[in-house]
Amino acid sequence: MPPKKGGMKKKEVKNISDIESDSDSKKQQKLKNEDVEMIAIKFVVLDLLHPFHKLNGVTSSVEISKIIDEIPREELTKGTIVSFLHEMDEEFLVIEGEICHNKTFKVPKKKNPKMKLIKILLTIYSQQSQLS
């Protein structure tokens, strides 16, 4: 009896360039997931006794995810006043800022050990604001 044809399966062989391109695309996708979306703001601190009063009128940027106000994404336009948690000299306070531009930009995410504390403070603040 003759041997059966097709009994052995062929192994799929990938080209080295295919493997490299797969790993490159995975790296790029990972980097995209780690990007943080930011928006340009100008600090608005009118109270002279506020600890961060010296920031009044200073331009900076803030992560969109750190904005406390429940404003729809489409309404984050130039001139809108938003509140967010800001850290300076190891002090965390809620501060307001005016959005300077309609465009947002992405930057690579940096690992910050203070982020857990910031997230906890944001949740406490939002819970307190819902109670009042």
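1. A quick definition before anything else: rings of Phe, Tyr and Trp (for Trp, the six-membered ring) pair if their centres lie within 6.5 Å. With that in hand, and bearing in mind that this is a predicted model, a search of the whole structure turns up 1 aromatic pair. The partners are phenylalanine 43 and phenylalanine 84, with ring centres 6.0 Å apart and planes at 50 degrees, so the pair is tilted. The reasoning on the label is simple: under 30 degrees would count as stacked and over 60 as edge-to-face, and the rest is tilted.

2. Where do phenylalanine 43 and phenylalanine 84 sit in the chain? Phenylalanine 43 belongs to strand β1 (residues 35–44) and phenylalanine 84 to strand β3 (residues 81–88), so the pair links distant parts of the chain, 41 residues apart. As for solvent, phenylalanine 43 is buried, and phenylalanine 84 is buried too.

3. Now the sheet those strands belong to. Strands of a sheet pair through backbone hydrogen bonds, either parallel or antiparallel. Here 4 strands make an open sheet, ordered β2-β1-β4-β3, with antiparallel pairing. On the edges you'll find β2 (59–63) and β3, each pairing on one side only. From one strand to the next, the twist averages 55 degrees.

4. Some detail on β1 and β4, if you want to check the register. These two run antiparallel and are joined by 9 bridges. One of the residues to look at is aspartate 35, whose bridge partner in β4 is proline 108.

5. On its other side, β4 (residues 91–108) meets β3, again in the antiparallel sense, over 8 bridges. Two bridge partners in β4 are handy as markers: valine 94 for leucine 85, and glutamate 91 for methionine 88.

6. The β3–β4 connection deserves a look on your screen. The two strands form a hairpin with 2 residues between them. Most residues other than glycine have a negative phi. What is the phi of aspartate 89? It is positive, about 55 degrees, although aspartate 89 is not a glycine. Glutamate 90, also in the loop between β3 and β4, has a positive phi of about 60 degrees and is not a glycine either.

7. Last point, on the same loop: are aspartate 89 and glutamate 90 buried or exposed? Aspartate 89 is exposed, with a relative accessible area of 59%. Glutamate 90 counts as exposed as well, because its relative accessibility is 68% and the cut-off is over 50%.

Conventions: Residues are numbered from 1 along each chain as its sequence is written. This is a predicted model: local features need pLDDT of at least 70, side-chain atom pairs count only at pLDDT 80 or more; totals for chains, interfaces and linings use all residues. Side-chain values use heavy atoms; hydrogens and water are left out. Buried means under 20% relative accessible area, exposed over 50%, partly exposed in between (1.4 Å probe, protein chains only). Two strands pair if DSSP finds at least two bridges between them. Axes are lines fitted to C-alpha atoms, for helices over the stretch in contact, and angles run from 0 to 180 degrees between N-to-C directions.
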